[in-house]
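Trainee: Hi! Could you walk me through this structure?
Mentor: Happy to, let's open it.

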Amino acid sequence: MSYKIFEKYPFSYDMESLDKELHLRGNEAMLDILEAIYKMVEKITRPKAIYFEARITEKTDESVKINGVPFESQLLRGYVNQGDPVFPYIVTVGTELDDYAKTLKDPMKLFMIDEVMNLLVNTGKVFVADRVKEATGWQSVQDYVPGNGEEWSTVEQKRLFDLFAGETAKIGVTLGDNYFVLPGRSTIGVLSNLN
């Protein structure tokens, strides 16, 4: 299986775009805090991503199988058909930024770093979706994130993670308690064609 790994996907924001993205409405005190935080983010952050092409090998009324591994998600089942290609992916802000965030104590700084990390994860998701669209010629993609909008079995979260066959170590991502993806600002999902 061919895994696409990005050890530092690109991101670029200026203070004007950050003000808009984080809905700060030009609040100077908040922007001053954000500016210092973002300078550190630019210096240390190595956001990472991994994805690969898989196949819906079976679809029934109860489940779908990705490369033979069963998932009982009704939402995922609604997005795909047997034989379809799909792209499991993981995006993370990286251990470097996660470690830095843990050193912060001030509530406003914690709020800002949290918002910036969420923004970076979303930037990574768009980056991966764009790579998939380029590779497949798809006009748009459906992004299925386990547990978003439905109950999700932690067993199935582990199954999805295990599809990466240990390659996640190359981007510093592991499974923690209750099979949550770590570092904390990481996300796992499946991209499919949006017809």
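Trainee: What radius of gyration does the chain have, and what would a compact globule have?
Mentor: The chain has 18 Å, and with 195 residues a compact globule would have a value near 16 Å, so the two agree. The radius is taken over C-alpha atoms, and the globule rule is 2.2 Å times the number of residues to the power 0.38. This is a predicted model: local features need pLDDT of at least 70, side-chain atom pairs count only at pLDDT 80 or more, while totals for chains, interfaces and linings use all residues. Residues are numbered from 1 along each chain as its sequence is written, and side-chain values use heavy atoms, leaving out hydrogens and water.

Trainee: And what does the C-alpha trace span along its principal axes?
Mentor: About 55 × 35 × 30 Å.

Trainee: How much of the chain is buried?
Mentor: Of its 195 residues, 44% count as buried, meaning under 20% relative accessible area with a 1.4 Å probe, protein chains only.

Trainee: New topic: how many helices and strands are there?
Mentor: Six helices and ten strands; these are DSSP runs, with helices (H or I) of at least four residues and strands (E) of at least two, numbered from the N terminus.

Trainee: At what angle do α2 and α5 pack?
Mentor: Helix α2 (residues 28–44) and helix α5 (residues 107–136) pack at about 55°, with axes 10 Å apart.

Trainee: Which residues make that contact?
Mentor: On α2, they include I33, L34 and I37, and on α5, F111, M112 and V116 are among them. Contact here means heavy atoms within 4.5 Å.

Methods
Axes are lines fitted to C-alpha atoms, for helices over the stretch in contact, and angles run from 0 to 180 degrees between N-to-C directions. Buried means under 20% relative accessible area, exposed over 50%, partly exposed in between (1.4 Å probe, protein chains only).
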